[in-house]
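Colleague: I would like a close look at one part of this protein, the packing of its helices. Please take me through it slowly and add whatever else helps to place it.

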Amino acid sequence: MARAIWTGVITFGLVSVPVGLFTATEDHTVHFHQLQRGTSDRIRNRRVNERTGKEVGADDIVKGYEVSEGEYVVVEPEELDEIAPGRSRTLEITDFVDLDRIEPVYFGRTYYLAPRGKEYLKVYELLRTALAETGKAGVATFVMRNRQYLTALRAEDRVLLLQTLHWADEVRDPVAELPELPSDRVGRGKELDMALRLVDALSGDWDPAGYRDTYQEKVRELVRAKAEGEEVAVAAQAPEATNVVDLMEVLRGSLEQAKGKGKGTGDSSDGGKPSAPRRKAAEPRKKTGGPAQGELRELSKAELYRRATEQDISGRSKMSRRQLVDALSAGGSGNGSGSGDEHRSRGRRKKTTAA
């Protein structure tokens, strides 16, 4: 059973729920020890006084901020604890924002939040459901290990996620920082049409279990082969950059290759994802009675969900924003299985009509 790395109380308005914070991911990287070349002697890192060369114990090490060359202000751990905001261990939601309005570059690490006791399950699920049905994220700050975090609370199936966010001054401006970026948008033309067809041909449902870390697999195979005295296979060279002159020919070849993999015969030995059936290239959509997708894309997820509720679209509570747009533009024909609450509500409506 996992152990909480932080405990506190989520508050929104006058509502509060005690929770524990748990790590959501684990590291599967192959870790190596440092050895002196030609020996099996381990190399250890030690904290030493750079003036005397003597090792210093952990209890004798303090934090110091250099205010001028060679002059430091020393800060004790308890002094940091006293000024830390949120010493009451409160994770206060100050705002609710549309989740899809938070740019991906702001997201950091992901954690699970769980209620600290069965008596808090109802209020925990109340917050989770409210976030799920509105497509909102709760923005909050809290302090953990002498550091304040900006976070977003979001709903997943049965659980609340807490994702740390970078502060605004931590995110670099790509235009100012990157040496080369396109100055103009790609206009409509054969190249863009071909690229869109290629994207569609390679599109499929998101299945995280279908991908694997092939590099770590090869590192483990390297270690095994060297331990058993076997030769190690050399990886293939990286592909060369696409010549702009040959762009159409490369796109056409890529599209044919994608169609060939539609039968699941592609080689997945190096790509990190097993071969899977692909959708056929895009075909013209049939006109339906639903609203235009362009109009729907301008709406928030909450408004899309409201419209889906009015049209009784099956499976709406589990749909992403894009899926809601597709379902509504198709004239209300959802393609997912509805949640239990939706099935029950439809059952109640039928009984009322029969009565």
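Modeller: What follows describes two helix pairs and then some single residues, all in a predicted model.

The protein chain has ten helices and nine strands. Of its 355 residues, 24% count as buried. Among contacts between residues at least 6 apart in sequence, 57% join residues at least 24 apart.

Two packed helices are described by the angle between their axes and the distance between those axes. Take α8 and α9 to begin with. Helix α8 covers residues 301-310 and helix α9 covers residues 321-329; their axes lie 10 Å apart and the packing angle is about 40 degrees. That angle makes α8 oblique to α9, since angles under 35 degrees are what count as roughly parallel. The crossing of α8 past α9 is left-handed.

On the α8 side, the residues that meet α9 are Lys301, Leu304, Tyr305, Arg307 and Ala308; on the α9 side they are Arg321, Leu324, Val325 and Leu328. Sorted by class, this contact holds six nonpolar residues, three charged residues and no polar ones.

Which residues of α9 are buried? They are Leu324, Val325, Ala327, Leu328 and Ser329. Leu324, Val325 and Leu328 thus appear in both lists: they are buried, and they take part in the contact with α8. The buried residues of α9 pack against α8 and also against α7, which spans 293-297. After α9 comes Gly331, with a positive phi near 90 degrees.

Now the other pair, α4 with α6. Helix α4 runs over residues 190-201 and helix α6 over residues 247-260, and they pack at about 20 degrees with axes 9 Å apart. The two helices are therefore roughly parallel to each other, as an angle under 35 degrees is counted that way. The crossing of α4 and α6 is left-handed. From α4 the contact draws on Lys190, Glu191, Met194, Ala195, Arg197, Leu198 and Ala201. From α6 it draws on Leu247, Met248, Leu251, Arg252, Ser254, Leu255, Ala258 and Lys259. By class, the contact of α4 with α6 has nine nonpolar residues, five charged and one polar. Among the charged residues are Lys190 and Glu191 of α4, and Arg252 and Lys259 of α6.

Away from the helix pairs, two residues show the buried and the exposed case. Thr11 sits in strand β1, residues 6-12. Thr11 has a relative accessibility of 17% and so counts as buried, the cut-off being under 20%. Setting aside neighbours within four places in sequence, Thr11 touches Ser16, Thr90, Leu91, Glu92 and Ile93.

His33, by contrast, lies in a loop, the one between β2 (15-23) and β3 (63-68). Its relative accessible area is 57%, so His33 is exposed, as the cut-off for that class is over 50%. His33 and Ile43 are ten residues apart in sequence, and their C-alpha atoms are 7.9 Å apart in space.

Last, the aromatic rings. The structure contains three aromatic pairs. One aromatic cluster is formed by Trp6, Phe142 and Tyr149.

To return to your request: the α8 and α9 pair is oblique, whereas the α4 and α6 pair is roughly parallel. Left-handed crossings are found both for α8 with α9 and for α4 with α6.

Conventions
Residues numbered from 1 in each chain as written. Predicted model: local features only at pLDDT ≥ 70, side-chain atom pairs only at ≥ 80, totals over all residues. Heavy atoms only, no water. Axes fitted to C-alpha atoms, helices over the stretch in contact; angles between N-to-C directions. Helix = DSSP H or I, 4+ residues; strand = E, 2+ residues; numbered from the N terminus. Parallel < 35°, antiparallel > 145°, perpendicular 65-115°, else oblique. Left-handed = near helix turned anticlockwise from the far one by under 90°. Contact = heavy atoms within 4.5 Å. Phe/Tyr/Trp six-rings, centres within 6.5 Å; stacked < 30°, edge-to-face > 60°. Buried < 20%, exposed > 50% of the residue type's maximum accessible area, 1.4 Å probe, protein only.
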